[in-house]
Every structure is written in C-alpha cells, then in structure tokens.
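Ready for some practice with a protein model? Take a look at the sequence and the structure, then try each exercise before you read its solution.

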Amino acid sequence: FRPSWGEPFSSIAARMRSVIEERRVPGAAVALVSHQAPIWIARQSYERPGPPWLGKVRCTQASVTTLRFDGDRYAGHLYWAPP
C-alpha cells in the first residue's frame, strides 16, 4: 500500500527497523529521533503485521515512544507526551 506521500509503509517500516536493530544495545537505552509517521509505523510493525492504522496515531509532537526488547524479542512499548 502506498500512502499519499509516496513511500510505501513496508519501506518505512523496513528502514526504521533497520536503524533500530543496528543501534540497539542489550541493556541500554538508545535515542533515535524521527517524525511522527515513521515512529508510529515502526512501532506498529513490531506489534502486528500489515499497514498501520494512521487514523488513531498516538504520537504527538515532542513525545517519547520507547520500544522495549527482551533479548531479540519485542516486549512492548512505553509512550510519554508532555502535558
């Protein structure tokens, strides 16, 4: 599926996951900065297959999304947005 901005969701997910996997260090936190849609698409790609549902994006400006891993297994996420 190709969204209106042209880059397919699968391409965005693959690009984001590649960076996440390349920089991930067991037991450590790594900060990566991106735009709203790529962050949401990356998170959704770990949680369920298929294109993300962008109609209910929970990723506001200046928010922090933390992906947690148990070894190589995705173990969930934490989300924080300033009040």
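**Exercise 1: a patch on the surface**

Val-19, Val-25, Val-30 and Leu-32 make a nonpolar surface patch of about 280 Å². Keep in mind that this is a predicted model. Your task: find where Val-19 and Val-30 sit, and work out whether Val-30 is buried, partly exposed or exposed.

*Solution.* Step one is to place the residues. Val-19 lies in helix H1, while Val-30 belongs to the loop between helix H1 (9–23) and helix H2 (36–47). Step two is the accessibility. Val-30 has a relative accessible area of 41%, and partly exposed covers the range between under 20% (buried) and over 50% (exposed). So Val-30 is partly exposed. Val-19, at 30%, counts as partly exposed too. Step three is a distance check: Val-19 and Leu-32 are 13 residues apart along the chain, and 8.6 Å separates their C-alpha atoms.

**Exercise 2: an arginine in a helix**

Your task: decide whether Arg-43 is buried or exposed, and list what it touches.

*Solution.* Start with the place: Arg-43 is in helix H2. Its relative accessibility is 11%, and the cut-off for buried is under 20%, so Arg-43 counts as buried. Now look at its partners. The Arg-43 side chain makes a polar contact with the Glu-47 side chain, at 3.1 Å. Leaving out residues up to four places away in sequence, Arg-43 touches Arg-58, Thr-65, Leu-67, Tyr-74 and His-77.

**Exercise 3: confidence**

Your task: find the mean pLDDT of the protein chain.

*Solution.* The mean is 84, and 90% of the residues reach 70 or more.

Methods
Residues are numbered from 1 along each chain as its sequence is written. This is a predicted model: local features need pLDDT of at least 70, side-chain atom pairs count only at pLDDT 80 or more; totals for chains, interfaces and linings use all residues. Side-chain values use heavy atoms; hydrogens and water are left out. Patches are made of residues with over 30% relative accessible area and no salt bridge: like charges are joined within 9 Å, nonpolar side chains (Val, Leu, Ile, Met, Phe, Trp, Tyr) within 5 Å. Accessible areas come from the Shrake-Rupley method with a 1.4 Å probe; for residues, only the protein chains shown count as cover. A salt bridge is a side-chain nitrogen of Lys or Arg within 4 Å of a carboxyl oxygen of Asp or Glu. Helices (H or I, at least four residues) and strands (E, at least two) are DSSP runs, numbered from the N terminus. Buried means under 20% relative accessible area, exposed over 50%, partly exposed in between (1.4 Å probe, protein chains only). pLDDT is the predictor's confidence in each residue, from 0 to 100. A polar contact is a pair of N or O atoms within 3.5 Å; within protein, one must be able to donate a hydrogen and the other to accept it, and residues adjacent in sequence count only if both atoms are side-chain atoms. Contact means heavy atoms within 4.5 Å.
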